[in-house]
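Welcome to this short tour. Keep your viewer open and your selection tool ready, and we will go from stop to stop together.

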Amino acid sequence: MSQSAISRRFFLQASALAGATATIGLAGESKSTKSGAVAPKTMMGVPFEKVDKVRIGIIGAGARGQSVMSDLLNVPKVEIRAVCDIDPRMIELTKKRFSKKGLPEPRLYAKGPHDFENLCKQDDLDFIYIATPWEWHTEMALCAMNHGKHAGVEVPAGVTMPQLWELVRTSERTRKHCMMLENCCYGDNEMMVLAMARQGLFGTITHGEAAYIHNLRMVMNEQDKEGRYVSEAAWRRAWHTKENGNLYPTHGLGPVCWYMGIHQGDRLDSLVSMSSLEASLSEDQQERFKGRGEHYVCGDMNTSILRTVKGRTILLQHDTVSPRPYTRHNMIQGTKGAFADYPERLYLDEVAKKTRKHEWIEGEDALKPYREQYVHELWKRVGDLARKNGGHGGMDYIMCYRVVECMLEGLTPDFNVYDAAAWSAPFPLSIASVKGGGSLQKFPDFTNGHWSGKA
Ligand SMILES: NC(=O)c1ccc[n+]([C@@H]2O[C@H](COP(=O)([O-])OP(=O)(O)OC[C@H]3O[C@@H](n4cnc5c(N)ncnc54)[C@H](O)[C@@H]3O)[C@@H](O)[C@H]2O)c1
C-alpha cells in the first residue's frame, strides 16, 4: 500500500486521527516516462508544511464565501488576512463581520476582476480559498499556487479537461496542494458510511449512486429591489444556455469516490452520459417572466454512468431545475449490504438472513446502534461545535476544521489535486458524451499511475 493510502486510511478509519501524524515527512517520488524524461513528482502523500497558525486569503465573498468565512473564523488558530470581491456589497458585509467579531480588518481587494492576483501576491498567506463562479476557479487556483500558496477551491475545480490537467501540473511543479473543498464528504452520514465501508460492513463494493438534484429555479432567478441579480442568479443560469451535461458533479460523487477508495487502489476509468429534454427552466421562465429571451440547452435531468478500473459502476445524476425534493442519492452497494440516503437507510445481508425480511433498517431508533458504532472520530470530537456553528448541518465546519488541522499538524490533506481533477472531470466528459449521443469517454489517469498504490 502506498504511503498516501496509509495516511488516508488512518484518517478514514476514523479512530486513528492521532496516528496520522506518523506520515509527516513523506515526499512524492519521481517517475521516468517512456521518453526517458523525468515526470514531475507526485503530490500523493505529500504533507502540508507544519505551521503554528493558518493565514488565509479568500477570493469571492458572496453567499458561499461569507458562509465559509464564518465557519473559518470559528476554527482555532485561523487568521483571515485578505478578502477579495468585485462586488462592493460583499466587501461591506465582510467589514461588518470582522468589526462585529472585534477582529482586525483583513486587507481588502476590490479593484476589478483581476485584483485577486494582488491578493495572491500578499506574502503573509498560507492558504487561499476560492468561492467565485465556476468560470474563475481554475485561473484563481493556478494563480494561488504560482504565488506559493495552497489553494482550496470550490466545486468544481475546473470545467474543461485542459484546465484540470493544468491544475495537476501546476500543483506538481509548485509543490502546493490544490484541494477541491468538497464539503459533502464531511457530512455526518457520509463520514459514517465511510467508516462502514472501510470496516467492511458492505463487503466488496460493487456500485454507487450519486447526484445533485436540487430545485434551484428560484435561486437562478433571484433579483434585489433594484432589479440586480442576486448571488448565483448572476452566473449559474448562463451555464444552462451554453452546455448540456452534468454541470455540478462533485457533491454526490466525492463521497462515493471516498467509499470506493478511488486513488487508493482504484480509479475512474470511463463514462457514458445522456440528458433528457430541456423543459423545466424554459417553462418556468415563460410563466414567471414571460421568458427572458434566453435559450436553454441543458437537459433537465442528466444521467451518467461511470465505470472504475476495478469494474465498479456509479450512477451520477444532475437536475437543478425540476420540482422535486433535494437528494444526492448517497448510495453504496456491496456484497454484504447497502446504504442509501434521503431518507437514510441501511440494508445488511446478515440481518435480513435472520429476520427473513428484505427490508431496509430505517428510522431514527433502528439506525441508532449503527450510528453509535460508526460515528466518525471527527464528528465525535467537534460535532457539537459543528452543528452549532457550521453551514449545511455542520459539514462545512468539520471540513474547515479538518483542513486547518492538517496544516497545523503537517498532515497529508484528505484530498489532493488528483481527486479535484477526477471528481470534476464528469463536467466536461458528460458534455462530450451527450454531444456524441452517449459516446464512451475515457478518464485520463491524472495520477500518472500512483492511483494503484504500486507506482
Ligand atoms: N460547497 C457548497 O456547498 C457550495 C454551496 C454554494 C456554492 N458553492 C460554490 O461556491 C462558488 C460561489 O457560489 P456562491 O453561491 O457564493 O455565488 P455568489 O454569486 O453568491 O458569489 C460569488 C462571488 O464571487 C464574486 N466574484 C465574481 N468574479 C470575481 C472576481 N473576478 N474576483 C473576485 N470576486 C469575484 C462575486 O462578486 C460574488 O460575490 C460556486 O462555485 C458555487 O458552485 C458551493
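Helices here are DSSP runs of H or I with at least four residues, strands are runs of E with at least two, and both are numbered from the N terminus. Keep in mind that you are looking at a predicted model.

**Stop 1: two domains**

Colour residues 3-22 and 44-183 as domain 1, then give 185-378 and 416-452 another colour as domain 2. The C-alpha centres of these two domains are 24 Å apart. Now show the contact between them: domain 1 contributes 32 residues and domain 2 contributes 44. How much area do domain 1 and domain 2 bury between them? The value is about 3,500 Å², with 68% of it on carbon and sulfur atoms.

The rule finds one salt bridge across the interface of domain 1 and domain 2. Select Arg 89 and Asp 224 as sticks: their side chains form a salt bridge, with 3.1 Å from N to O.

**Stop 2: H6 against H15**

Next, select helix H6, residues 161-174, together with helix H15, residues 417-424. Their axes are 9 Å apart and the packing angle is about 180 degrees, which means that H6 is roughly antiparallel to H15. On the H6 side, display Leu 164, Leu 167, Val 168, Ser 171 and Glu 172; on the H15 side, add Val 417, Tyr 418, Ala 421 and Ser 424. Sorted by class, this contact of H6 with H15 holds six nonpolar residues, two polar ones and one charged one.

**Stop 3: H7 across H12**

Move on to helix H7 (residues 188-198) and helix H12 (residues 364-374). Their axes come within 9 Å and cross at roughly 75 degrees. Why is H7 called roughly perpendicular to H12? Angles from 65 to 115 degrees count as roughly perpendicular, so H7 and H12 get that description. Show Asn 189, Met 192, Ala 195 and Met 196 of H7, which meet Tyr 370, Arg 371 and Tyr 374 of H12. The residues in this contact of H7 with H12 are five nonpolar, one polar and one charged.

**Stop 4: backbone details in the loops**

Most peptide bonds are trans, and most residues other than glycine have a negative phi. The last three selections are worth checking with that in mind.

- Zoom in on Val 155 and Pro 156: the peptide bond from one to the other is cis, with omega near -10 degrees. Pro 156 sits in the loop between strand S7 (150-153) and H6.
- Go to Tyr 342 and Pro 343, joined by a cis peptide bond with omega about 0 degrees. You will find Pro 343 in the loop between strand S14 (337-340) and strand S15 (345-348).
- Finish at Lys 77, a residue other than glycine with a positive phi, near 65 degrees. Lys 77 belongs to the loop between helix H2 (63-73) and strand S4 (78-84).

Note on methods. Residues numbered from 1 in each chain as written. Predicted model: local features only at pLDDT ≥ 70, side-chain atom pairs only at ≥ 80, totals over all residues. Heavy atoms only, no water. Axes fitted to C-alpha atoms, helices over the stretch in contact; angles between N-to-C directions. Parallel < 35°, antiparallel > 145°, perpendicular 65-115°, else oblique. Contact = heavy atoms within 4.5 Å. Nonpolar A, V, L, I, M, F, W, Y, C, P; charged D, E, K, R; others polar. Domains from an automatic or database assignment. Buried area = accessible area lost by both parts, 1.4 Å probe. Salt bridge = Lys/Arg side-chain N within 4 Å of Asp/Glu carboxyl O.
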